[in-house]
Amino acid sequence: MKSTLTLFLLLFVSSIVWAQNPVHKVVVQINTSDTLVWHGALKNISNLQTALGANTQVEVVVHGSGIGLLLDGKTTQKPKIAELAATGVMFKACENTIRERKIDRNTLLQQSGTVPSGVAEIVLKQEAGWAYLKY
Amino acid sequence: MKSTLTLFLLLFVSSIVWAQNPVHKVVVQINTSDTLVWHGALKNISNLQTALGANTQVEVVVHGSGIGLLLDGKTTQKPKIAELAATGVMFKACENTIRERKIDRNTLLQQSGTVPSGVAEIVLKQEAGWAYLKY
Amino acid sequence: MKSTLTLFLLLFVSSIVWAQNPVHKVVVQINTSDTLVWHGALKNISNLQTALGANTQVEVVVHGSGIGLLLDGKTTQKPKIAELAATGVMFKACENTIRERKIDRNTLLQQSGTVPSGVAEIVLKQEAGWAYLKY
């Protein structure tokens, strides 16, 4: 009886903490060189933040032809990326893509981190309960 | 001991109720103006209903260039949308897209509802356990 | 008290078993005839296996225009499909697509199985906890 009470108390406290910190987590996949898609995807992230509130974590993973979004001289979204990064949005470039396309790492935007594999990152995020948005 | 028994009884009853009401929930994202994609996506929903049975809830969320699917004079799928809506499929247009594209709300199909943000809706549905299909 | 102890013991043992058999499950959707996408998607699966390790289960579901990936005389990925299938990757063609497009089942690659509905399969996999990758 006592242990059951403890369990319910734990659930109750958890639900209060959760209500005060409603966190939404979203992983966004971009693997196209279509600059209209880049524009739309980043605009959508702002909309997402407005709709879901400050406690929304967003990570953008680019791989394949999407890598251009995070490359100086290729991206059309430099100011928008800086703006989103300042709000906590993370940008990750796929190291497989960097290696396969012989991309100079110095051309990656300063806001960009990397992940060993873009698709593996997207899978791991989903496994950790993140919602998935594909562009 | 008694509380443990209660817990297992609860789980047992839940599983019976679940078996009698197997509900599948699917959120479908359409953000392209490609009418072939519109056609394929809606045909797929019929196939989904046939394969998964009557207790399948489907919500179609359109945003960006996908908004045309739910606009009178732009959609190529009027009869199919009426048919699917009659079976309970929900159609939701993104209000951000409506505002940004200065769309007259009177041109929305009568079967169409709206959501504040299309992408936020898709995230919230995934968080609530809905499967996700991207077109 | 004893039952609570049993529960915690069970959770503890489960977590050990899980740590020794970290299984990643990924369902990959291909519904385009774009052969560059086919090439990229299958290359990504190899990258996924490298990144996530041997205990990664991947199922590729093709439907609509994606069916060509698994058709002899249409696919551009025959050796890669054989290579991936040998590592346990499953390939499933949508029977709705086969019927609608009047495809001769004998033209399906030998590595290809079928599913009644491609989209239903993708929904069922997500419901069973599989991560989703859309191409």
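Colleague: Two strands pair if DSSP finds at least two bridges between them, right? So what order do the strands take in the chain A sheet?

Modeller: β4-β3-β2-β1-β5, 5 strands in an open sheet with parallel pairing. β4 (112-115) and β5 (131-134) of chain A are the edges, each with a single partner strand, so one side of each has no neighbour in the sheet. Strands here are DSSP E runs of at least two residues, helices are H or I runs of at least four, and both are numbered from the N terminus.

Colleague: What am I looking at, anyway?

Modeller: A predicted model, where local features need pLDDT of at least 70 and side-chain atom pairs count only at pLDDT 80 or more, while totals for chains, interfaces and linings use all residues. Residues count from 1 along each chain as its sequence is written, chains are lettered from A and ligands numbered from 1 in the order written, and side-chain values use heavy atoms, leaving out hydrogens and water.

Colleague: OK, back to chain A. How many helices and strands does it have?

Modeller: 5 helices and 5 strands, and along the sequence they go α-β-α-β-α-β-α-β-α-β. Of the 135 residues in chain A, 48% are buried (under 20% relative accessible area; over 50% is exposed and in between is partly exposed, with a 1.4 Å probe and protein chains only).

Colleague: How does β5 of chain A hook up with β1?

Modeller: β1 (residues 24-30) of chain A runs parallel to β5(A), with 4 bridges between them. One to click on: A:Val28 has A:Leu133 in β5(A) as its bridge partner. Helix α5 (residues 118-127) of chain B packs on that sheet too, touching β1 and β5 of chain A (contact is heavy atoms within 4.5 Å), and its direction makes about 140° with that of β5(A). Such angles run from 0 to 180 degrees between N-to-C directions of lines fitted to C-alpha atoms, for helices over the stretch in contact.

Colleague: And β5 in chain C, which way do its side chains point?

Modeller: C:Ala131 and C:Leu133 go one way, C:Tyr132 and C:Lys134 the other, and all of them are buried. In chain C, C:Gln29 sits opposite C:Lys134 of β5(C).

Colleague: Switching topic: what turn lays chain B on chain C?

Modeller: A turn of 120° with a shift of 0.0 Å along the axis, giving an RMSD of 0.0 Å (least squares on C-alpha atoms of residues with pLDDT of at least 70 in both copies). That's how a three-fold axis relates copies. The chain B C-alpha nearest the axis belongs to B:Lys134, 4.0 Å from it.

Colleague: Why do you say the copies meet through different surfaces?

Modeller: Because only 13% of the interface residues of chain B are also interface residues in chain C.

Colleague: How much area do chains B and C bury between them?

Modeller: About 1,300 Å², 61% of it on carbon and sulfur atoms (accessible area, 1.4 Å probe, that the two parts lose on being put together, summed over both). On the chain B side, B:Asn47, B:Leu133 and B:Lys134 lose the most, together 30% of what that side buries. The contact takes 15 residues from chain B and 16 from chain C.

Colleague: Last one: how many disulfides does the structure hold?

Modeller: 0 over all chains, counting a disulfide as two cysteine sulfur atoms within 2.5 Å. B:Cys94 is buried at 5% relative accessible area, and C:Cys94 is buried at 4%.

Notes
Pairing = 2+ DSSP bridges.
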